[in-house]
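Here is a friendly walk through one protein model, from its sheets to its metal site and its empty spaces. Please keep the sequence and the 3D view open as you read.

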Amino acid sequence: MFVFDPPRQSSLAVQGNSNRFPVRRVFCVGRNYEAHVREMGNDTREPPFFFTKPSDAVRDTPCTIPYPPLTEDLHFEVELVIAIGKGGANISDADVMGHIWGASVGIDLTRRDLQAEAKKMGRPWDWAKAFDQSAPIAPIVPIADVPSVEAGRIWLSVNGEQRQEADLSDMIWAVREHVAILSQAMVLAPGDIIMTGTPAGVGAVVPGDVLTGGVDGLASFEVIIGPRA
Ligand code: MN
């Protein structure tokens, strides 16, 4: 028994299935496409690093997300999403695919002004990255229906104008590599999801903007930026 009702299990829709994918943790890969690393003024040779969002930051799409508080510079980052179905530690590159339940695409919404301040002050990124509803994600596609997590066009448009476009093969650390590296730091568990980093072209949105994006042949989303919370 609990002293009050425990929080509802966070979850995401599954394509072609009325059952939902239960979300345990949300890991995000930093700086995983070379052109985006350069646009942010960083070196492309460093090993991958990770940050997290709370499990209840995820939202099904389509959705409307209120413009969050404390920022004047809300940015989109389109990202391939990996959904873990079988846990493990120290997973080898060759075994990673056997741990993946499915894949999709979503947005790592970022309060860029708070991130810039955190970087300058040497502080954590949580206030920039881990805010409420900061991870809208298209329905998870079961792995049997995923054409590839290593190649395919990934894109995002704002109000119909394309702003981000790359290929999954442009990742500095491929899925099999960064999931293996992540599993050296944490025991991965079913329900963990991984947002795998964004290509170049990130930018700001304002209330009323309509964001569409996807990975060709996999999934796509629509997200509307609502009024300020
Ligand atoms: Mn990101």
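## The five-stranded sheet

In this predicted model, five strands make an open sheet with mixed pairing, in the order E6-E18-E17-E13-E14. At its edges stand strand E6 (63-67) and strand E14 (161-167), each of which pairs on one side only. If you look along the sheet, neighbouring strands are turned by 20° against each other on average, direction ignored.

Let us start from the E6 edge. E6 and strand E18 (residues 219-228) run parallel and are joined by five bridges. Two residue pairs help to find this contact in the viewer: Ile 65 has Ile 225 of E18 as its bridge partner, and Tyr 67 stands opposite Arg 228 in E18.

## The hairpin next door

How do E17 and E18 pair, parallel or antiparallel? Strand E17 (residues 210-215) pairs with E18 in the antiparallel sense, over six bridges. One handy landmark here is Val 210, whose bridge partner in E18 is Ile 224. The two strands, E17 and E18, form a hairpin with three residues between them. In that turn, Gly 217 has a positive phi of about 80°.

## A three-stranded sheet

There is also an open sheet of three strands, with antiparallel pairing and the order E10-E7-E16. Strand E10 (110-111) and strand E16 (203-204) each have a single partner strand, so one side of each is left without a neighbour in the sheet.

Strand E7 (residues 74-76) runs antiparallel to E10, and two bridges join them. To locate this pairing, pick Leu 74, whose bridge partner in E10 is Arg 111.

## The manganese site

Which residues coordinate the manganese ion? They are Glu 77 and Glu 79, each through OE, and Asp 108 through OD, at 2.0 to 2.2 Å. Along the chain, the donors of the manganese ion follow the spacing E-x1-E-x28-D.

Are the two glutamates, Glu 77 and Glu 79, buried or exposed? Glu 77 has a relative accessible area of 4%, so this residue falls under the 20% cut-off and is buried. Glu 79 is at 0% relative accessibility, and therefore counts as buried too.

## The enclosed cavity

Rolling a probe the size of a water molecule over the atoms shows where empty space is left. The structure holds one cavity of 30 Å³ or more, and about 130 Å³ of space lies in the largest cavity. Its lining has 18 residues, of which Gly 30, Arg 31, His 36, Glu 77 and Trp 125 are the closest to the centre. Glu 77 will be familiar from the metal site, where this residue is one of those that coordinate the manganese ion.

Strand E3 (26-30), strand E4 (49-53) and helix H2 (112-121) are the elements that give two or more residues to this lining. H2 provides the largest share, three residues. By residue type, the lining of the largest cavity divides into seven charged, six polar and five nonpolar.

## The two largest pockets

Now to the open spaces. The largest pocket holds about 250 Å³ of space. Among the residues that line this pocket are Pro 7, Arg 8, Gln 9, Ser 10 and Ser 11, as well as Arg 20, Ser 55 and Asp 56. Val 58, Arg 59 and Asp 60 belong to the lining as well. Strand E5 (residues 58-60) gives the largest share of the lining, three residues. Five of the lining residues are charged, four are polar and two are nonpolar.

The second largest pocket has a volume of about 160 Å³. Its lining consists of Leu 114, Glu 117, Ala 118, Arg 123, Pro 124, Trp 125, Trp 127 and Ala 128. Two or more residues come from each of H2 and helix H3 (126-129), and H2 gives the most, with three residues. What is the make-up of this lining in nonpolar, polar and charged residues? The lining divides into six nonpolar and two charged residues, with no polar ones.

Two names link this pocket with the cavity. Trp 125 lines the second largest pocket and is also one of the residues closest to the centre of the largest cavity. H2 gives three residues to the lining of the second largest pocket and three to that of the largest cavity.

Terms used:
Residues are numbered from 1 along each chain as its sequence is written. This is a predicted model: local features need pLDDT of at least 70, side-chain atom pairs count only at pLDDT 80 or more; totals for chains, interfaces and linings use all residues. Side-chain values use heavy atoms; hydrogens and water are left out. Donors are N, O and S atoms within 2.8 Å of the metal (3.2 Å for Na, K and Ca); water is not among the atoms, so sites may look incomplete. Buried means under 20% relative accessible area, exposed over 50%, partly exposed in between (1.4 Å probe, protein chains only). On a 1 Å grid over the protein atoms alone, a cavity is a set of points where a 1.4 Å probe fits but cannot get out, and a pocket is an open set with protein on both sides within 12 Å along at least five of seven lines; lining residues have an atom within 4 Å of a point. Grid points are joined across faces, edges and corners, and a volume is the space filled by probe spheres set on the points. Helices (H or I, at least four residues) and strands (E, at least two) are DSSP runs, numbered from the N terminus. Ala, Val, Leu, Ile, Met, Phe, Trp, Tyr, Cys and Pro count as nonpolar, Asp, Glu, Lys and Arg as charged, and the others, Gly among them, as polar. Two strands pair if DSSP finds at least two bridges between them. Axes are lines fitted to C-alpha atoms, for helices over the stretch in contact, and angles run from 0 to 180 degrees between N-to-C directions.
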